[in-house]
Amino acid sequence: MMLLLTDAATTSWTDTTWGKVLLAAVLVLLVNSVIFVPRRLIRMRKRRRRNTIPKVRGLAISELDENFLQLQVSPPTNTYAESGVRLAVAAQIPGESGRHVVTEPTPAPQNTLVIPKNSAPPGSTLWVNWVLGDRVGPSGSVRVPEVPPTT
């Protein structure tokens, strides 16, 4: 008889209504963390990657004529080309610590810009950035040779 009373009086916390509610809540949180959190993290990573502007690559400089230099860059990825990226160029003249603007952000048809020789004398460094709206990407640089190669 004592054994029967002991079994009826002792119940597990999982057998009570509140215990079952608590277990259900823990199960819902576990499923959400396994399924939905990684999905949200992937979306956030894609959004962050979309907001970054790539570095300028493939810089090459050549002489166009006696007054102008021709600066060529590798094309941006299709997503950035469609979004309307532009190129901005600044020159750092030898012996000076500052840079001065050579071109404001301008579209670069066929990924080529024409730069006046008087704004980028031989020996200076050209700093080139992709610009998207009011955001500027990391810069790439190329040095203007003393005697530019002709193409």
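**A salt bridge, a core and a central strand**

The count of salt bridges comes to 1. This is a predicted model, and the bridge joins the side chains of lysine 117 and glutamate 63, with an N to O distance of 2.8 Å. Lysine 117 sits in the loop between β5 and β6, while glutamate 63 belongs to strand β1 (residues 60–63), so the pair ties together parts that are 54 residues apart in sequence. Lysine 117 is partly exposed, at a relative accessible area of 22%. Glutamate 63 is partly exposed as well, and its relative accessible area is 22%. Since buried means under 20% and exposed means over 50%, the value of 22% places lysine 117 in the class between.

Strand β2 offers a polar residue for comparison with that cut-off. Glutamine 70 is located in β2. Its relative accessibility is 15%, and because buried means under 20%, glutamine 70 counts as buried. Apart from neighbours within four places in sequence, glutamine 70 is in contact with Ala60, Ile61, Ser62, Leu64, Thr112 and Leu113.

The next topic is the nonpolar interior. The largest nonpolar core contains 21 residues, and those with the most contacts inside it are Leu87, Val89, Ile115, Leu126, Val128 and Trp130. Four elements, β2 (68–72), β3 (86–92), β5 (112–116) and β6 (125–132), each give two or more residues to this core. The largest share comes from β6, with 4 residues. Isoleucine 115 shows what such contacts look like at one position: with residues up to four places away in sequence left out, isoleucine 115 touches Asn67, Phe68, Leu69, Leu71, Val89, Val102, Ala120 and Leu126. Of these partners, Val89 and Leu126 are also listed among the core residues with the most contacts.

Strand β6 deserves a separate look. Of its 8 residues, 8 are buried, so β6 is largely enclosed by the rest of the structure. The cover extends to both faces of β6: on one side Thr125, Trp127, Asn129 and Val131 are buried, and on the other Leu126, Val128, Trp130 and Leu132 are buried. The second of these faces includes Leu126, Val128 and Trp130, which are named among the core residues with the most contacts.

Which strands pair with β6? β3 and β6 run antiparallel and are joined by 7 bridges. Within this pairing, leucine 87 has tryptophan 130 of β6 as its bridge partner; both residues are among those with the most contacts inside the core. Strand β8 (residues 140–143) also pairs with β6 in the antiparallel sense, over 4 bridges, and here threonine 125 stands opposite arginine 143 in β8. Strand β7 (residues 135–136) pairs with β6 in the antiparallel sense over 2 bridges, with valine 131 opposite valine 136 in β7. The hairpin of β6 and β7 has 2 residues between the strands, and glycine 133 in this hairpin takes a positive phi near 65°.

The last stop is on the surface, where nonpolar side chains are also found. Leu27, Leu30, Val31, Val34, Ile35 and Phe36 form a nonpolar patch there, with about 540 Å² of accessible area together. One of these residues, valine 34, lies in helix α2 (residues 17–51). Its relative accessible area is 53%, and because exposed means over 50%, valine 34 is classed as exposed.

How values were computed
Residues numbered from 1 in each chain as written. Predicted model: local features only at pLDDT ≥ 70, side-chain atom pairs only at ≥ 80, totals over all residues. Heavy atoms only, no water. Core = buried A, V, L, I, M, F, W, Y, C linked by side-chain atoms within 4.5 Å. Buried < 20%, exposed > 50% of the residue type's maximum accessible area, 1.4 Å probe, protein only. Contact = heavy atoms within 4.5 Å. Patch = residues over 30% accessible without salt bridge, like charges linked within 9 Å, V, L, I, M, F, W, Y side chains within 5 Å. Areas by Shrake-Rupley, 256 points an atom, 1.4 Å probe, with all protein chains shown as cover. Salt bridge = Lys/Arg side-chain N within 4 Å of Asp/Glu carboxyl O. Pairing = 2+ DSSP bridges.
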